[in-house]
Amino acid sequence: MTASTVAHAGGSTALSYPETRKLDVIEEQFGVKVADPFRWLEDDVRVNPAVAEWVAGQNQVSRAYLSNLPGRDALKARMKALFDYQRYGLPQKAGGRYFFTKNDGLQNQSPLYYRNGLRGKDRVLIDPNAWAKDAATALDQWEPSPDGKLLAYAIQDGGSDWRTIKVVDVKTGAQLGDEIRWAKFTNIAWVGNEGFLYSRFAEPAKGQEFQALNENQTLYFHRIGTSQAEDIAIYATPDRPKLGHSAQVTHDNRWVVITSSKGTDEKYEITLIPISNGKGKTLPIDQWKPRTLVPGLDHDWQLVEGVGNQLWFITNKDAPKLKIVRVDLGDGEPVFKDVVPERSEPLARAQIVGDRLVLSYLQNATSIAEMAALDGTPLQTISLNSIGTASGFSGKPGDPETFYAFSSFNQPSTIYRFNSLTGKSSIFGRPELSFDPASIAIEQHFYVSKDGTKVPMFIVHKKDLDLSKGAPTLLYAYGGFNVAQLPTFDARRMAWIESGGVFALANIRGGSEYGKAWHDAGRLLNKQNVFDDFIAAGEYLIQQGISAKGKLAIEGRSNGGLLVGAVVNQRPDLFAAGHAAVGVMDMLRFDRFTAGRYWVDDYGYPNKETDFRNLLGYSPYHNIKSGVEYPAMIVTTADTDDRVVPGHSFKYTAALQAANAGSKPHIIRIETRAGHGSGKPTDKLIEEYSDVYGFLAKWTGLELEDDAAK
């Protein structure tokens with residue numbers, strides 16, 4: 001494999017990329033001829049030796065470049081210090097025991113603990129740090145049985161979306177023989193204490209584990225003490241193979257609630273299975289008879305909880321910013337009744353805790369929380385005190401105890417115990433920090449996008465930072481799939497801020513910050529609004545003197561990686577550097593791999609002409625401009641990413657390197673035994689972001705501490 005050489009600014013040494021083989025692949029759609037010369041890079045790196053060779057060559061170039069970045073090691077040391085704090089996950093109560101994760105600081109994976117009673121001793125139940133030498137095998141979701149005697153948990157290996165589910169005896173710590181394979185996009189829903197429901201796909205063909213489309217998801221019941229071969233399929237839709245199904249069980253073990261969906265859009269069917277006689281005894285499975293509660297795929301329906309023959313749901317039916325309804329189930333037709341009406345702030349979450357509804361809303365992308373009676377009567381506001389994000393509040397009817405986490409840009413999560421009867425909060429776990437949160441300024445600005453829409457943006461920096469000449473600034477956004485970007489703590493970003501940089505989070509359209517209309521304004525044929533919002537955010541930061549020309553970097557992950565790739569093509573002059581992480585870069589073929597088919601709700605269908613033309617118009621891979629000076633670009637992905645397959649990033653990088661796109665570096669960093677992001681060990685996170693932020697620091701002029709001064 002020969003190399004191409006590009007002289008890059010900022011250094012005397014030329015950067016040589018491995019030359020990437022081009023194929024004569026041209027396909028015609030709707031009268032448009034589309035070239036795809038790097039399609040061979042879609043192949044799995046574990047299957048095609050040529051792709052493996054390409055990956056090795058690219059990593060050799062990026063490693064050599066990144067390891068010599070000035071200040072990188074000092075940034076890594078600061079990042080490591082900021083990660084080194086004790087952090088708790090949200091506790092879950094079952095049978096008088098409290099289960100929670102806790103990380104001492106630099107543990108690669110967070111062990112799962114339990115206490116016998118609230119004041120009991122912390123006992124390690126599961127420590128995933130011993131599962132793999134490279135620490136890339138992670139504990140994912142977990143769920144104790146209602147009596148707290150058993151706990152089912154899911155294992156994630158190498159960052160893949162596939163899960164293996166196992167069961168542990170809490171008292172003895174002994175592993176049971178139960179093992180479930182090929183679970184994916186699943187809940188673990190206990191049916192009494194005798195077994196649980198889970199969702200899985202058929203075992204993929206050899207060599208297709210990380211690329212095959214996911215279809216025909218089936219819901220199974222697993223009885224404790226039996227083999228997976230004995231599991232019983234309780235719900236499937238073979239006539240509609242694109243539907244996925246997840247299960248929840250009400251706390252009184254009265255109902256299985258099955259939520260079915262076709263894509264990522266919040267449009268669900270709801271199917272009910274009565275599984276007990278109302279007196280606590282589970283019916284035999286041959287008596288489980290599904291009944292449709294909500295047909296069609298028209299609206300959002302999220303189960304809150306059930307008590308007897310009443311179920312509470314969050315829905316956007318006739319309420320774009322969501323409301324709560326109660327469904328009364330009897331012998332006749334179900335009766336739907338509004339309980340908490342829609343209001344100006346979008347409803348983010350609702351739980352029943354004791355005999356109260358705990359409601360979480362978003363107000364200009366920050367959390368507010370309130371309580372109401374089960375009939376919707378307002379009761380009180382839950383004080384959160386500052387700009388930030390509240391999460392949790394899980395509970396059950398009849399028990400007033402719950403837990404929630406509160407965090408912000410300058411505050412790692414503090415875990416609070418909350419009593420819904422008294423409205424009082426107390427601290428369950430609070431981290432000790434290596435920095436002073438009061439030294440960090442958090443501001444919310446509103447700027448105007450291209451079409452006149454007002455968009456919020458958080459701006460975070462050290463209070464004593466000199467902004468007289470504009471500061472090196474890292475701008476982040478996501479902009480899709482109805483996902484809100486909220487104020488939370490990130491040690492990696494804090495290392496950037498403490499080094500003298502500004503961090504900005506733009507709440508662009510496509511998310512859920514202002515309800516369904518905000519999402520709709522940033523998807524399908526409106527996707528350009530997302531790019532316009534992000535570009536306008538960058539322009540605002542420079543116009544206001546917060547940043548300056550040549551000092552602005554952008555970053556995005558997944559759908560946000562697409563965002564970075566698209567806006568760099570549209571406005572390469574605006575940005576000094578960019579980080580596109582695990583991005584969706586080929587908008588004409590995204591629906592052909594793994595979970596990509598779900599994304600048509602946000603992107604559209606590449607095989608429909610109107611959508612095709614829209615997608616081709618902004619697809620990062622297809623719109624790279626030759627003869628234009630591009631920002632410095634670092635692309636990151638991982639070999640086991642089976643959410644957004646790495647071929648997206650491979651093809652985009654190859655096209656960028658092959659184009660006459662200027663003198664700045666355009667490199668890719670490819671992680672091994674890692675996936676889309678979840679489950680990545682702490683040491684890999686620190687190593688990766690020391691590289692990424694060291695790269696962005698160099699190209700925005702952020703002066704990092706001299707490594708020799710450490």
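This is a guided tour of salt bridges, a sheet, a pocket and a cavity in one structure. The model is predicted, and residues are counted from 1 along the chain.

**Salt bridges**

Begin with the charged side chains, for which a search of the whole structure finds 45 salt bridges. Select Asp691 and Arg72 as the opening pair, whose side chains meet in a salt bridge with N to O at 2.5 Å. Asp691 belongs to helix H10 (residues 682–700) and Arg72 to helix H2 (residues 72–83), so this contact ties together parts that are 619 residues apart in sequence. Are these two residues buried or exposed? Asp691, at 8% relative accessibility, counts as buried, and Arg72 is buried as well, with a relative accessible area of 6%.

Next, select Arg223 and Glu194, which form a salt bridge whose closest N and O atoms are 3.4 Å apart. Here the pair links distant parts of the chain, for Arg223 sits in strand S16 (residues 218–223), while Glu194 lies in the loop between strand S14 (189–191) and strand S15 (195–200), 29 residues apart. Arg223 counts as partly exposed at 37% relative accessibility, and Glu194 is also partly exposed, with a relative accessible area of 31%.

Then move to Lys317 and Asp318, where the side chains meet in a salt bridge, again with a distance of 3.4 Å from N to O. Lys317 is partly exposed, its relative accessible area being 35%, whereas Asp318 is exposed, with a relative accessible area of 64%.

**An open sheet**

Now show residues 301–307, which are strand S22, together with residues 335–340, which are strand S25; these are the edge strands of a sheet, and each of them pairs on one side only. Which strands form the sheet, and in what order? It is an open sheet of 4 strands in the order S22-S23-S24-S25, with antiparallel pairing, and its twist averages 30° from one strand to the next. To look at one pairing in detail, select S22 and strand S23 (residues 310–315), which run in the antiparallel sense and pair over 6 bridges. Within this part of the sheet, Val307 stands opposite Gln310 in S23.

**The second largest pocket**

Turn next to Asp157, Ser160, Trp162, Thr164 and Arg181, which lie nearest the centre of the second largest pocket among the 14 residues that line this pocket. About 300 Å³ of space lies in the second largest pocket. Strand S11 (150–157), strand S12 (163–169) and strand S13 (175–183) each supply at least two residues of its lining, and the largest share, 3 residues, comes from S11. Sorted by class, the lining of this pocket has 4 nonpolar, 5 polar and 5 charged residues.

**The largest cavity and a charged network**

The structure holds 6 cavities of 30 Å³ or more, and the last stop is the largest cavity, which has a volume of about 90 Å³. Which residues should be selected to see what lines the largest cavity? They are Glu27, Gln29, Val34, Ala35, Asp36, Arg39, Asp586, Leu588, Arg589, Arg592 and His622. Strand S3 (26–29) and strand S4 (32–35) each supply at least two residues of this lining, which by class has 3 nonpolar, 2 polar and 6 charged residues.

Keep this selection on screen and add Glu42 and Lys651, since the tour ends with a network of salt bridges that links Glu27, Asp36, Arg39, Glu42, Asp586, Arg589 and Lys651. Among the members of this network, Glu27, Asp36, Arg39, Asp586 and Arg589 also line the largest cavity.

How values were computed. Predicted model: local features only at pLDDT ≥ 70, side-chain atom pairs only at ≥ 80, totals over all residues. Heavy atoms only, no water. Salt bridge = Lys/Arg side-chain N within 4 Å of Asp/Glu carboxyl O. Buried < 20%, exposed > 50% of the residue type's maximum accessible area, 1.4 Å probe, protein only. 1 Å grid on protein atoms, 1.4 Å probe; cavity = no way out; pocket = protein on both sides within 12 Å on 5 of 7 lines; lining within 4 Å. Points joined across faces, edges and corners; volume = space filled by probe spheres on them. Nonpolar A, V, L, I, M, F, W, Y, C, P; charged D, E, K, R; others polar. Pairing = 2+ DSSP bridges. Axes fitted to C-alpha atoms, helices over the stretch in contact; angles between N-to-C directions.
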